[in-house]
Amino acid sequence: MSQIATNAEQTIVGNTVIIDTGCANLSSVRYAVERLMTELERESLFVSDDIDLIKSAERVILPGVGTAPAAMNALKSKGLVDVIKSLQQPVLGVCLGMQMLTRSSKERGAQSQDCPCLDIIATEIEQLDSKGLPLPHMGWNQITPSKHPIFDGVSAGSYVYFVHSYRAPISDYTIASAQHGETFSAAIAKDNFIGLQFHPEKSSQAGARMLKNFLNMTKETFANSAANTPLTEALL
Amino acid sequence: MLAKRIVPCLDVKEGKVVKGVQFRNHEIVGDIVPLAQRYAEEGADELVFYDITASAHDRVIDKSWVSRVAERIDIPFCVAGGIRSIEQAREKLAFGADKISINSPALTDPSLIARLQDEFGRQCIVIGIDSYYDAATDSYKVKQFTGDEAATKDTQWYTQDWVSEVQKQGCGEIVLNVMNQDGVRQGYDIKQLSMIRAICDVPLIASGGAGTMAHFKDVFAEANVDAALAASVFHKGIIDIQDLKRYLKDNHIAVRL
């Protein structure tokens, strides 16, 4: 648990900002990140919706629980939509935070149309076709990760904790897959944006390893990544 | 493949883990955080904290233990007991609980489920159901207020109908608490759980009756439930979670090891 067998000795550089979306799992994400930090490193961890703080961060986490329309409304009312789209540093979307990185979501809530999202990663969120298995897809399932650096030290078949009913399909942006009925994207990425459908903050050692990998990323990590190259071609 | 979950349940009273016999004579077992941490390290897939302080009293109770758990535990956990309103649910979720479980208040007002779902999403709304076999009518029925022996009463709900209703209202998961008619720790009620499984489209957690490792194997293999909840076999050290999971794996049940 607390003894994470990773490159824990590596110092976490610069500010980490968890975007305050006002959603319910903010504290879980913060606690998970804090568990990986020294007292000193925690002084550079912020939960905030301050635009300047987000823009200047070394890395940014976009959490999310609830429905896509509610979460997008929260980002809009805080004036964060264009801010997030313009970020050049590593950005990690978790669960609904991952889904918000896409073009749109069919999770409509009370709306009559699909919910427009941040349109950073060119894929769309639709209901998971569980082929008769229970929904929501809730519990520990295995992932097949690519060589993306977020999965450094995470072996194929690792169990992580999922809770969702909607999913991103397999696409050029898929960096990990999982199966519950159909096979879907357990994680997607484009350039400096990474999205995890599962909850790394609740996924024991495997999740902690991914969070630690993310905390070790800096503005430089994706600076040289070839723009517009689908990650599947580059990494699989 | 989705792993079958093993879920220890801990009774909490005024911030401490307690155990009692038939809801009486509670003695303190220990602090919540170290016990929760121990179960997480032993391989529990999820934890349920049943807050028995809450249901009996209306006074304001210190819930900071929820955040102390969330700070230290890296697996999901659910808080049950005494949640009757959106605000009470919001408090637990804000402190870091992943799910909240509702039982009696949902029977009093089923629309509470829909309102909670609208507010927080169905993924964190768990409905607990206390079901019993009614020999007179040869059917399964739902009891309310089982946390307090004097207040426990029968409801008009047949278990199947209530299971359908709570899904219609938008719950994300069901814990069906029912005991094999042979008695305590004589196994899960496979017959009833299989029947409910057939009409339950959300994840189903079996609760009540676990006494041996074979009981867990049977409830997964025969009733096809998603998770099995147990308390005393873990608290009393009758079953070790690691041993249980290895046993289940040897018996071709998908588990996270």
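This section describes the fold of chain A, its annotated active site, its contact with chain B and the confidence of the model.

The structure is a predicted model. It scores ipTM 0.90 and pTM 0.91. Chain B averages a pLDDT of 90, and 95% of the residues score at least 70. Confidence in chain B varies by element. Helix α2 (residues 52-56) of chain B is lowest, at a mean of 62. Helix α9 (residues 213-223) of chain B is highest, at 98. Where pLDDT is low, the predicted coordinates should not be read in detail.

Chain A contains eight helices and 14 strands. Of its 236 residues, 52% are buried. Contacts in chain A were also examined by sequence separation. Among those with a separation of 6 or more, 71% link residues 24 or more positions apart.

Eight strands of chain A build an open sheet. Their order is β2-β1-β3-β4-β14-β13-β12-β9, and the pairing is mixed. Strands β2 (45-48) and β9 (144-145) of chain A form the edges, each pairing on one side only. Strands of a sheet pair through backbone hydrogen bonds, either parallel or antiparallel. One pair in chain A joins β13 (residues 182-190) to β14(A). Its sense is antiparallel, over four bridges. Within chain A, I188(A) stands opposite G195(A) of β14(A).

The active site comes next. The unreviewed UniProt entry lists C95(A), H199(A) and E201(A) under "active site". These residues span 107 residues in sequence, yet no two of their C-alpha atoms are more than 10.6 Å apart, so they gather at one spot.

C95(A) lies in the loop between β4 (91-94) and α6 (96-99) of chain A. With 28 other C-beta atoms within 10 Å, C95(A) is buried, because 20 or more suffice for that class. Leaving aside residues up to four places away in sequence, C95(A) touches G64(A), V65(A), H164(A), Q197(A) and H199(A). The backbone at C95(A) also stands out: phi is near 55°, a positive value in a residue other than glycine.

H199(A) occupies the loop between β14 (193-196) and α7 (204-215) of chain A. H199(A) has 25 other C-beta atoms within 10 Å and is buried. Again leaving aside residues up to four places away in sequence, the partners of H199(A) are V94(A), C95(A), Y161(A), V163(A) and G207(A). Two of the annotated residues, C95(A) and H199(A), thus touch each other.

Helix α7(A) follows the loop that holds H199(A). At 1.5 Å a residue, the twelve residues of α7(A) should span 16 Å. The end C-alpha atoms of α7(A) are 16 Å apart, which agrees. Eleven of the twelve residues are buried, so α7(A) is largely enclosed by the rest of the structure. The buried residues include S204(A), G207(A), R209(A), K212(A) and F214(A). Among the elements that cover the buried residues of α7(A) are β1 (16-19), α1, β3 (59-62), β4 and β10 of chain A.

Two further backbone features were found in chain A. Most residues other than glycine have a negative phi, and most peptide bonds are trans. A cis peptide bond joins L135(A) and P136(A), with omega about -5°. P136(A) sits in the loop between β7 (121-127) and β8 (137-142) of chain A. D119(A) has a positive phi, near 60°. D119(A) is placed in the loop between β6 (115-116) and β7 of chain A. D119(A) is partly exposed, with 13 other C-beta atoms within 10 Å.

The contact between the chains takes 26 residues from chain A and 30 residues from chain B. On the side of chain A that touches chain B, α1 (26-35), β8, β10 (159-164) and α7 of chain A each supply at least two residues. β8(A) gives the most to this side, with five residues. By class, the side of chain A that touches chain B has 14 nonpolar, eleven polar and one charged residues. Helix α7(A) therefore appears twice in this account: it is largely enclosed, with eleven of its twelve residues buried, and it supplies at least two residues to the side of chain A that touches chain B.

Technical notes: Residues numbered from 1 in each chain as written. Chains lettered and ligands numbered in written order. Predicted model: local features only at pLDDT ≥ 70, side-chain atom pairs only at ≥ 80, totals over all residues. Contact = placed C-beta atoms within 7 Å. UniProt positions renumbered as here; feature names shortened; annotations may be inferred. Pairing = 2+ DSSP bridges. Nonpolar A, V, L, I, M, F, W, Y, C, P; charged D, E, K, R; others polar. Expected span 1.5 Å × (residues − 1). pLDDT = per-residue confidence, 0-100.
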